[in-house]
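This briefing is for a reader who has not met the structure before. Please look over the sequence and the model, then read the points below.

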Amino acid sequence: MTSPLKIGIRQLVEFCCRSGDLGFEGGPSASALEGLRTHQKIQKRYHKEAIAEHRLKLTFEIDGTSIELGGRIDLLFDQESPPRVEEIKTIYSLMNSFSERYDEPHWAQVKCYAAGYAIEQNIDRVVTSLNYVNLFNQQEYRQTKTFEREELETFLHEILQQYLNWYRLVEAQRRQTLTSASSLEFPHQDFRPHQHYFAAQVYRNIQRQGQLMVEAPTGSGKTISTLFPSVKAIGEDIIDQIVYLSAKTSGQNQAVVAVENMVDQGLEISYLVIQAKAKACPCNNNDAEINMDGKCLRCIGFFDRLGEAREVLIKQKHLGNKTIQSTADEYQLCPFELSLQMLPWADIIIADLNYVFDPMVQLSYFKTDSKRKLLLIDELHNLVDRARGMYSAVISRQQIKQATARDNNANVVRALNGVNRALDKQLREQEEEQTVSDDADLSFTRAIRRFSEKLNLDIFGDKKISAETLEFAKAVYRYQAIHNLYGDHHKTISIKPLKQRQIKLLCLNAFEYLREIYPLFDSVCGFSATLTPDSYFLPALGFEAPTQALRLESCFPTERLQVSTCSFVDTRYQQREAYIDQICATIHRCYQARPGNYLVFFSSYYFMQQVYERFLKHYKALPTMLQTRDSNDEQRREFIDEFVADKKTLGFVIMGGIFAEGIDYQGESLIGAIVVGVGLPQASDEQKLIEQDFQRLGLNGFDHAYRFPGLTRVQQSAGRVIRSENDRGIVILLDRRFQHIAYRQHYPAHWQPQHCETIDSLEQSLLEFWQD
């Protein structure tokens with residue numbers, strides 16, 4: 001017997017009931033916790049008059065297909081005559097910013113609930129109400145309409161028929177995916193050592209709906225080792241969808257390559273790459289895309305043109321950036337928003353971390369869709385710092401000054417000046433630069449609330465608003481959202497000097513927020529080459545028991561990599577300038593032992609510049625390249641292309657930067673990494689607060705705030721050297737601290753470091769290594 005088609009009312013409405021223009025979709029969305037708390041607060045407010053979360057479950061038979069429709073009514077006022085069905089919507093705006101276009105899907109949703117209730121209770125008339133609740137001030141804005149049962153039933157059956165037609169197309173492709181995934185063979189000739197075990201553990205974790213953290217050395221094939229068993233799980237109908245996240249575009253590209261390799265082996269599957277809105281949308285760089293009112297032409301009538309484009313894309317299956325862009329051009333649609341419309345229909349979603357974890361840009365799809373989703377997180381170590389940034393916010397005088405200087409809208413300028421005065425007032429009340437109380441000053445909070453309510457979210461749809469004002473508006477909304485989420489692991493930082501004047505809501509540790517997101521997925525697997533020690537990463541990432549931590553050995557022979565620790569250099573802040581000549585000489589000796597491509601890694605631009613200038617003074621004949629602080633994507637590509645092509649270049653780069661992670665330097669494109677210093681985060685008041693927060697948790701504050709993050713950067717940099725079984729190279733660790741047990745006990749198992757007390761002993765060991 002065929003299983004019935006199960007669909008929620010919200011999902012049905014989102015697909016079938018939107019028309020006209022695309023509204024603003026890029027502002028702050030309520031987090032799952034915020035929305036839940038506000039719903040519960042409003043439901044409690046009316047607990048004597050209404051039933052909260054009244055469950056609906058109805059079955060329909062349409063064209064031989066059984067459909068189960070479900071949902072929950074937020075508030076049911078069943079004692080009123082006729083009964084009233086209410087839907088609660090949490091918002092970051094005032095009601096005067098909403099148009100009928102904005103309301104349309106919300107009315108459709110409450111009409112579906114009303115239809116279901118009328119059928120369930122066999123009544124002829126139902127009152128419906130939409131209750132918009134402003135998250136900033138908890139005020140309610142209610143609208144009501146009355147409908148006859150016949151009208152409601154007709155409306156519901158029409159959209160069910162529309163959805164059924166689409167479902168049959170999707171289901172036909174789904175059957176092909178299940179069949180091909182079930183019979184799929186591993187896309188490479190053989191598994192590397194430990195790779196089969198890795199893939200098996202990922203598959204078992206999916207089966208048990210668990211959480212898994214895997215440390216696997218660079219070059220061990222982490223991308224295919226996670227995606228292949230995940231696709232097999234789709235083939236066995238254990239999961240419905242894979243969500244693959246990576247902090248860098250290079251990691252996302254590797255995921256696409258891995259999927260395409262499986263497609264070449266006969267896999268019939270769809271994938272979708274979510275490109276950042278700033279890069280995807282033509283209106284960001286082309287004034288011809290904007291009308292006289294400052295609206296993007298591709299957003300006008302978006303939903304009227306969406307249906308055809310959606311059908312084209314569902315048939316193309318492989319939805320990379322170019323495919324999305326070309327289809328968006330053909331139908332004159334916003335590429336970014338078009339990609340979001342395809343989220344429910346792709347078997348694999350490839351995106352940045354922020355679309356799942358950042359409370360300001362988290363896609364609501366991940367909170368509301370009922371599919372059995374698997375979350376794969378590439379380069380998991382990045383999430384610790386990224387999450388801190390996601391749950392922090394800052395308002396600065398510099399932001400306000402830039403926006404005021406570029407905007408000639410009188411209303412905007414007045415609102416900006418109001419925020420600036422409130423900022424100045426709060427900071428004048430501080431005797432000196434310091435950490436202030438956990439609650440932000442009320443007058444400042446009220447000022448930015450007035451700014452946001454005065455301008456409303458429509459500011460983001462007006463392309464004539466200056467980029468500086470737009471960025472400041474985003475900062476304001478983030479500040480308000482984080483203020484609402486403010487918890488025990490936040491501190492309010494007040495910086496007083498005029499040019500740096502700012503207030504910052506600093507998230508010291510985001511593990512509690514990450515912990516709330518993982519349950520949105522049936523199972524979670526995060527992986528990286530640097531997740532040591534797990535006693536640091538497991539709690540910092542919000543993983544709880546019984547999360548499994550797995551550490552794999554290197555799949556390459558250890559004799560192909562030489563790791564040398566050099567105690568004749570001291571890069572501590574007070575001592576490092578005295579060792580610059582020694583560092584330069586060491587770099588030169590390494591290069592002379594065997595000329596080739598080397599990357600020299602530093603933890604700061606300032607010190608890297610000092611060493612680089614001194615090196616050019618002594619060894620100007622050697623080919624060198626220097627990473628610049630503000631390089632764009634094109635300049636970074638040029639750097640890599642030139643570096644790889646030359647084969648005998650010394651590249652001076654930053655630990656933890658674009659050239660230290662996520663890039664495969666295979667073969668002769670990189671034969672050595674020279675790591676200058678232990679990579680500690682720069683000492684600052686903020687870092688000190690993070691250290692203190694770890695100490696309050698009963699942990700070693702210095703280790704968790706400085707040593708372990710630094711060691712992660714070092715290992716990521718070193719991991720660039722050996723990327724395949726044919727690679728051979730060296731890693732030079734330049735700092736006496738690398739010999740301390742506090743570091744050595746956490747080195748990867750495949751490192752067999754040699755201690756070199758002098759530059760001569762280092763040179764001799766390198767000559768012997770390359771001769772072998």
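In which helix does Arg-446 lie? Arg-446 lies in helix 17. The model is a predicted one, and the points that follow cover charged patches, one buried strand, salt bridges and some backbone features.

**Positive surface patch**

- Arg-446 belongs to a positive surface patch, together with Arg-421, Lys-425, Arg-428 and Arg-450.
- Two helices, helix 16 (410-428) and helix 17 (442-455), each supply at least two residues of this patch.
- Helix 16 gives the largest share of the positive patch, with 3 residues.
- Arg-446 has a relative accessible area of 44%, so it counts as partly exposed.

**Negative surface patch**

- A patch of negative charge on the surface is made up of Glu-634, Glu-638, Asp-641, Glu-642 and Asp-646.
- One of these residues, Glu-638, is part of helix 23 (residues 633-646).
- Glu-638 is partly exposed because its relative accessibility is 44%, a value between the cut-offs of 20% for buried and 50% for exposed.

**Strand 24 and its neighbours**

- Strand 24 spans residues 729-734, and 6 of its 6 residues are buried, so the strand is largely enclosed by the rest of the structure.
- Gly-729, Val-731 and Leu-733 point one way from strand 24, while Ile-730, Ile-732 and Leu-734 point the other way.
- The residues pointing each way from strand 24 are all buried.
- Strand 24 pairs with strand 19 (residues 561-566) in the parallel sense, over 6 bridges.
- Within this pairing, Thr-565 has Leu-733 of strand 24 as its bridge partner.
- Strand 24 also pairs with strand 23 (residues 672-676), in the parallel sense and over 5 bridges.
- Here Val-676 stands opposite Leu-734 of strand 24.

**Salt bridges**

- Side chains of opposite charge can pair when their charged atoms come close.
- Across the whole structure, a search finds 37 salt bridges.
- Glu-87 and Lys-89 form one salt bridge, in which the closest N and O atoms are 3.3 Å apart.
- Glu-87 and Lys-89 are both buried.
- Another salt bridge links Arg-298 to Glu-289, with the closest N and O atoms 3.0 Å apart.
- Arg-298 and Glu-289 are likewise both buried.
- A salt bridge also joins the side chains of Glu-311 and Lys-315, at 3.4 Å from N to O.
- Both Glu-311 and Lys-315 are in helix 9 (residues 302-316), where they sit 4 residues apart, about one turn of the helix.
- Glu-311 has 37% relative accessibility and therefore counts as partly exposed.
- Elsewhere, salt bridges with shared partners join Arg-45, Glu-80, Arg-84, Glu-86, Glu-140 and Arg-142 into one network.

**Cis peptide bonds and positive phi values**

- Most residues other than glycine have a negative phi, and most peptide bonds are trans.
- Thr-532 and Pro-533 are joined by a cis peptide bond, with omega about -5 degrees.
- Pro-533 is in the loop between strand 17 (523-528) and helix 20 (534-540).
- Ala-545 and Pro-546 are also joined by a cis peptide bond, with omega about 10 degrees.
- Pro-546 is in the loop that runs between helix 20 and strand 18 (548-551).
- Glu-53 is a residue other than glycine with a positive phi, near 55 degrees.
- Glu-53 is located in strand 2 (residues 51-62).
- With a relative accessible area of 32%, Glu-53 is partly exposed.
- Lys-317, also a residue other than glycine, has a positive phi near 75 degrees.
- Lys-317 is placed in the loop between helix 9 and strand 10 (318-319).
- Why does Lys-317 count as buried? Its relative accessibility is 12%, and buried means under 20%.

Technical notes. Residues numbered from 1 in each chain as written. Predicted model: local features only at pLDDT ≥ 70, side-chain atom pairs only at ≥ 80, totals over all residues. Heavy atoms only, no water. Patch = residues over 30% accessible without salt bridge, like charges linked within 9 Å, V, L, I, M, F, W, Y side chains within 5 Å. Areas by Shrake-Rupley, 256 points an atom, 1.4 Å probe, with all protein chains shown as cover. Salt bridge = Lys/Arg side-chain N within 4 Å of Asp/Glu carboxyl O. Lys, Arg positive; Asp, Glu negative; His and termini not counted. Charge placed at Lys NZ, Arg CZ, Asp CG, Glu CD. Buried < 20%, exposed > 50% of the residue type's maximum accessible area, 1.4 Å probe, protein only. Pairing = 2+ DSSP bridges.
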